[in-house]
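Hi everyone, thanks for making time. I'd like to walk you through one model today, so let's put it on the screen.

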Amino acid sequence: MHSCQLIRSHIVRKLWRKLGLVSSAVSSREAHITNTLRAVELTSVRYPYLKRGNYSKLTDQDVAQFERLLPGEQRVLTDPSDLEGYNTDWLKICRGISQLVLKPKTTEEVSDILKICNEKKFAVNPQGGNTGLVGGSVPVFDEIILSTSLMNNIISLDALSGILTCQAGCILGNLNDHVSQHNLIMPLDLGAKGSCHIGGNLATNAGGIRLLRYGSLHGSVLGLEAVLANGEILDCMSTLRKDNTGYDLKQLFIGSEGALGIITKAAILCPQKSNTVNLAFLGLDSFNDVLDVFRDSKKHLSEILSAFEFLDSESLKVCTSNLQLASPIAQHPFYILIETSGSNGTHDEEKLTQFLETLMTVGKVKDGTVAVDDKQMQHIWGLRERVAEALLHDGYCYKYDVSLPLHDFYNLVLDMRSRVGHKATRVVGYGHVGDGNLHLNITSPSYDEEVASLIEPFVYDWIAERRGSISAEHGLGFKKRHYIYHSKSRSAVAAMKAIKHLFDPNGILNPYKTLPDD
Ligand code: FAD
Ligand code: MLT
Ligand code: ZN
């Protein structure tokens with residue numbers, strides 16, 4: 001049989017028969033998360049060396065002042081049970097003890113809040129969708145949480161230029177739905193799109209699965225508005241493709257993790273939506289084959305290649321066993337997802353089919369499927385995008401997000417596996433291989449000092465020796481700030497501290513995050 005016909009008939013036979021299990025997996029996850037929430041240790045208890053900064057403590061009068069500033073229902077939260085979710089991060093590894101969540105709706109309200117906080121010296125933790133993975137989105141002690149959840153207005157969309165302007169609290173998935181009505185897409189896409197805010201995406205310089213094609217947010221963000229620590233509104237809301245007038249200040253806020261100001265608005269360049277999208281899920285024998293197929297994909301699929309992601313067998317296994325997701329193909333040491341996006345369905349399909357046939361003929365690919373409709377595509381993307389969620393079911397997840405030269409890329413997973421041995425539940429590697437970005441994750445039933453000390457600082461030294469980055473896309477947050485010198489020079493960190501001091505002299509914005517203590 002023709003190899004691609006073989007691929008397609010394989011899908012029909014194997015892919016969809018187990019799909020009924022998906023919804024029950026989601027509800028059991030919710031139950032699991034609710035249970036673990038109760039058990040999350042306070043960050044200040046787990047890390048006893050931490051000292052609360054010299055910030056003021058809230059009084060009833062202060063709360064009343066914020067209530068006058070933000071009139072209406074549910075905009076000033078003080079009830080501990082309302083605050084629990086805001087105090088605890090998505091990974092359930094960091095938990096603060098904030099007693100106040102503020103929910104402004106406008107830039108001016110953000111400005112008024114920060115003026116008060118700066119004058120009275122209250123520490124502030126900016127929060128978007130709280131999907132961050134480095135403990136940056138939740139307080140360490142009792143910082144006031146400033147949530148952008150009510151700043152969710154789309155301001156304008158110019159369908160001709162593709163320029164979207166919106167408030168920072170818009171959910172990424174909602175923005176994508178909105179722009180897609182005008183035949184556009186957001187330039188970024190990630191597994192957390194249903195919850196993360198565009199302001200959070202900018203603040204973390206989020207990467208995701210579209211970076212390979214559309215580049216980083218440093219390129220697609222045309223303008224941005226931010227409120228500085230003293231309440232001053234910094235208007236950099238240009239909607240121009242080209243604007244070389246003075247320093248490009250908005251770039252400082254992209255990836256600043258809430259430490260330089262609160263992002264309140266953004267102007268984003270949205271690419272055209274492709275007429276035709278194809279997705280292949282392939283099984284391979286070795287990581288060398290993954291690299292060979294990546295090289296060949298760039299050469300043969302060239303302009304239609306839109307994503308190239310990989311999972312190792314342990315990553316797929318965690319989805320099948322912890323989330324009961326069905327794998328469309330038999331077990332292999334490695335899997336890749338190749339997505340193509342273009343304007344001519346016949347051309348793209350022919351190109352992909354020919355390419356896959358060649359790969360199978362030369363034995364680089366052992367098995368595979370090509371999704372035939374949206375439902376299958378979503379299922380296959382789910383196998384890649386839900387690994388993070390599946391890992392949480394093991395208990396505790398030690399999460400690393402690294403950039404490495406491709407020839408060294410997977411050796412980190414192998415070295416870590418032999419180092420931690422049976423002390424960990426599993427060691428998995430997956431990620432944006434097309435961007436040189438590996439997600440190394442290790443799990444254990446609960447937080448285990450011994451496992452933690454086997455991993456760190458070994459992992460950071462390993463990366464620094466190969467001149468990689470200890471954070472490719474998640475940022476440094478609370479968890480990784482002290483390792484910044486593994487990826488940045490002393491002079492670079494000193495310049496960052498000087499910039500922080502200039503923008504936030506009282507250090508009220510997201511303390512204990514991103515930069516190391518002096
Ligand atoms: P939050 O988690 O609320 O905050 C993150 C940081 O930004 C914090 O330091 C916070 O203080 C700051 N911040 C938030 N909003 C603002 C604002 N308006 N102004 C200033 N600072 C602010 N990340 C990737 O890069 N690529 C991925 O592929 C990816 N996939 C993910 C998949 C899953 C399932 C999950 C749970 C997370 C994933 N992430 C990924 C991490 C996370 O989703 C991103 O970092 C996201 O951009 C965070 O957005 P958020 O709105 O949830 O921000
Ligand atoms: C991903 O690419 O799946 C995300 O960055 C989340 C993770 O690292 O687990
Ligand atoms: Zn990622």
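Before the metal site, a quick word on terms: I count as donors the N, O and S atoms within 2.8 Å of the metal, and because water is not among the atoms, a site may look incomplete. Please also keep in mind that this is a predicted model.

So, which residues coordinate the zinc ion, ligand 3? They are His432 and His439, each through NE2, and Glu473 through OE, at 1.9 to 2.1 Å. If you follow these donors along the sequence, the spacing reads H-x6-H-x33-E. Both His432 and His439 are buried.

Now let's look at ligand 2. The residues around ligand 2 include His432, His439 and Glu473, and those names also appear in the zinc coordination. The list around ligand 2 goes on with Leu133, Arg384, Ala388, Lys399, Tyr430 and His474. For those of you who like distances, here are three. A side-chain N or O atom of Tyr430 sits 2.4 Å from an oxygen atom of ligand 2. For Arg384, a polar side-chain atom is 2.7 Å from a ligand 2 oxygen. And in His432, a side-chain N or O atom lies 3.0 Å from an oxygen of ligand 2.

Let's move to the strands. Strand β14 runs over residues 396-403, and seven of its eight residues are buried. Its partner β16, residues 437-444, pairs with β14 in the antiparallel sense, over eight bridges. To find your place in that pairing, look for Tyr400, which stands opposite Leu440 in β16.

Next, helix α17, residues 411-420. Which of its residues are buried? Leu412, Val413, Met416 and Val420 are. Looking down the axis of α17, these buried residues fall within an arc of 100 degrees, so they line one face of the helix. What do they pack against? The partners are β11 (305-312), β14, β15 (426-432), β16, α18 and α19, so the two paired strands we just met turn up here again. Right after α17 comes Gly421, with a positive phi near 50 degrees.

Helix α4, residues 60-69, can be read in a similar way. Its buried residues are Asp62, Val63 and Phe66. Down the axis of α4, the buried residues fall within an arc of 100 degrees, so here too they line one face. Over on the other side of α4, you'll find Asp60, Gln61 and Arg68 exposed. The cover over the buried residues of α4 includes β1 (76-77), β2 (101-102), α6 (107-120) and β4 (144-147).

Last stop: backbone angles. As a reminder, most residues other than glycine have a negative phi, and most peptide bonds are trans. Against that background, three places are worth a click. Gln74, in the loop between α4 and β1, has a positive phi of about 55 degrees. Asn510, in the segment after α20 (490-503), has a positive phi near 45 degrees, and Asn510 is buried, with a relative accessible area of 4%. Finally, where is the cis peptide bond with omega near 5 degrees? That bond runs from Glu456 to Pro457, and Pro457 lies in the loop between α18 (449-455) and α19 (458-465).

That's my tour. Thanks for listening, and I'm happy to go back to any of these spots.

Key. Residues numbered from 1 in each chain as written. Chains lettered and ligands numbered in written order. Predicted model: local features only at pLDDT ≥ 70, side-chain atom pairs only at ≥ 80, totals over all residues. Heavy atoms only, no water. Donors = N, O, S within 2.8 Å, 3.2 Å for Na, K, Ca; no water. Buried < 20%, exposed > 50% of the residue type's maximum accessible area, 1.4 Å probe, protein only. Helix = DSSP H or I, 4+ residues; strand = E, 2+ residues; numbered from the N terminus. Arc of directions from axis to C-beta. Contact = heavy atoms within 4.5 Å. Pairing = 2+ DSSP bridges. Near = heavy atom within 4 Å. Polar contact = N/O pair within 3.5 Å; in protein donor to acceptor, adjacent residues only side chain to side chain.
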